Amino acid sequence: MQDRLLFSFEFFPPKTSEGVEKLREVRGQLASFAPRFFSVTYGAGGSTRAPSLAAVLDIRAAGLTAAPHLSCIGATQQSIRDVLQEYQQHGIRHIVALRGDLPSGMATSGAFRYASDLVAFIREETGDWFEIEVAAYPETHPQARSATDDLLHFKTKVDAGADMAITQYFFNADAYFAFVDDCQRVGIQIPVIPGIMPIGNYAQLARFSEACGAEIPRWIRKKLESYQDDIDSIRAFGLDMITDMCRRLLEQGAPGLHIYTMNQAAATVALWQRLGLPR
Ligand code: FAD
């Protein structure tokens, strides 16, 4: 295991005042794990610009580090420039730069076709102000023509100025290790942090996974299906499975973990206890 593991926790911006309160509690519980940062997602097409910033500022007001996500699909250069300036004015120095997916009804991709265009623009406009994280796909992005194309596009994004990458979630550690080997082979040297999705609600997970190209291996799918509405059994099995995978990832050299928390603390707290990670 590496000496200094890099942990981060992802939230989405809450829509209600109850959601804001709940997220404060969740964040309070997870802060004791000393994450490098909490990240907050950004709706494609800028749909959550204000609530995402509000959530980021709320985390920072508690003395913690927060990284807003920023997606560029459908955006103009000026609108991205405005967001970057807003972040800079608030002293935000860390950003997760993404392409996003074109929302239905939006016809053109705008000024930025790919996340690499956004990374290059951020560097042009703000130099080294931001530490930039980007997305990576051990099981290949669903729109990529081939795994090799996707890897080379990832390299373009890294060469444009990304400092680190966070992967799409996966349930197969071998896919991650093979991807990291491929990255090294083509000269990608930045840390690639595995993105981890705790298992809570099978129907939702199946829907997400279908959309984002994350494979749920057959044996896991069959097990989860067999539990039907028995949420406790789904969670218990999910925790066993995710714990085993994370232990293997960390023991075999993964630089840390990024948890897609879905704004819940329980699964992450249980995972930390099982893994025996420090508080
Ligand atoms: P890109 O890196 O641009 O890749 C997208 C596709 O284009 C890939 O298939 C790639 O191979 C291809 N491509 C790239 N460059 C080229 C090129 N030059 N020529 C041809 N093809 C190319 N979405 C949100 O809307 N908001 C979020 O907050 C958000 N957070 C995320 C966080 C993480 C850690 C991850 C993994 C994903 C997140 N997403 C988010 C989802 C993400 O926006 C989608 O997966 C999206 O489809 C791709 O975004 P990207 O930044 O990886 O795009």
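## Polar contacts of the ligand

In this predicted model, a backbone N or O atom of Arg99 is found 2.8 Å from an oxygen atom of the ligand. Tyr42 also offers a polar backbone atom, and this one lies 2.7 Å from a nitrogen atom of the ligand. With Asp150 the contact involves the side chain, one of whose polar atoms is 2.5 Å from an oxygen atom of the ligand. On its own the ligand has 980 Å² of accessible area, and the protein covers 84% of that area.

## The shell around the ligand

The ligand is surrounded by 21 residues, and the closest of them are Tyr42, Asp101, Tyr137, Asp150 and Lys157. When the residues of this shell are sorted by character, 10 are nonpolar, seven are polar and four are charged.

Which elements each supply at least two residues of the shell? They are α5, which runs over residues 147-159, and β6, which runs over residues 164-169. The largest share, three residues, comes from α5. As for the place where the ligand sits, the space that the ligand takes is the largest pocket.

## Salt bridges

Side chains of opposite charge can pair when their charged atoms come close. In this model the count comes to 16 salt bridges, and one of them is formed by Arg49 and Glu86, whose closest N and O atoms are 3.1 Å apart. This pair links distant parts of the chain, since Arg49 belongs to helix α2 (residues 49-61) and Glu86 to helix α3 (residues 77-89), with the two residues 37 residues apart.

Notes: Residues are numbered from 1 along each chain as its sequence is written. This is a predicted model: local features need pLDDT of at least 70, side-chain atom pairs count only at pLDDT 80 or more; totals for chains, interfaces and linings use all residues. Side-chain values use heavy atoms; hydrogens and water are left out. A residue is near a molecule or strand if one of its heavy atoms lies within 4 Å of it. A polar contact is a pair of N or O atoms within 3.5 Å; within protein, one must be able to donate a hydrogen and the other to accept it, and residues adjacent in sequence count only if both atoms are side-chain atoms. Accessible areas come from the Shrake-Rupley method with a 1.4 Å probe; for residues, only the protein chains shown count as cover. On a 1 Å grid over the protein atoms alone, a cavity is a set of points where a 1.4 Å probe fits but cannot get out, and a pocket is an open set with protein on both sides within 12 Å along at least five of seven lines; lining residues have an atom within 4 Å of a point. A molecule sits in a cavity or pocket if more than half of its atoms lie within 2 Å of its grid points. Helices (H or I, at least four residues) and strands (E, at least two) are DSSP runs, numbered from the N terminus. Ala, Val, Leu, Ile, Met, Phe, Trp, Tyr, Cys and Pro count as nonpolar, Asp, Glu, Lys and Arg as charged, and the others, Gly among them, as polar. A salt bridge is a side-chain nitrogen of Lys or Arg within 4 Å of a carboxyl oxygen of Asp or Glu.
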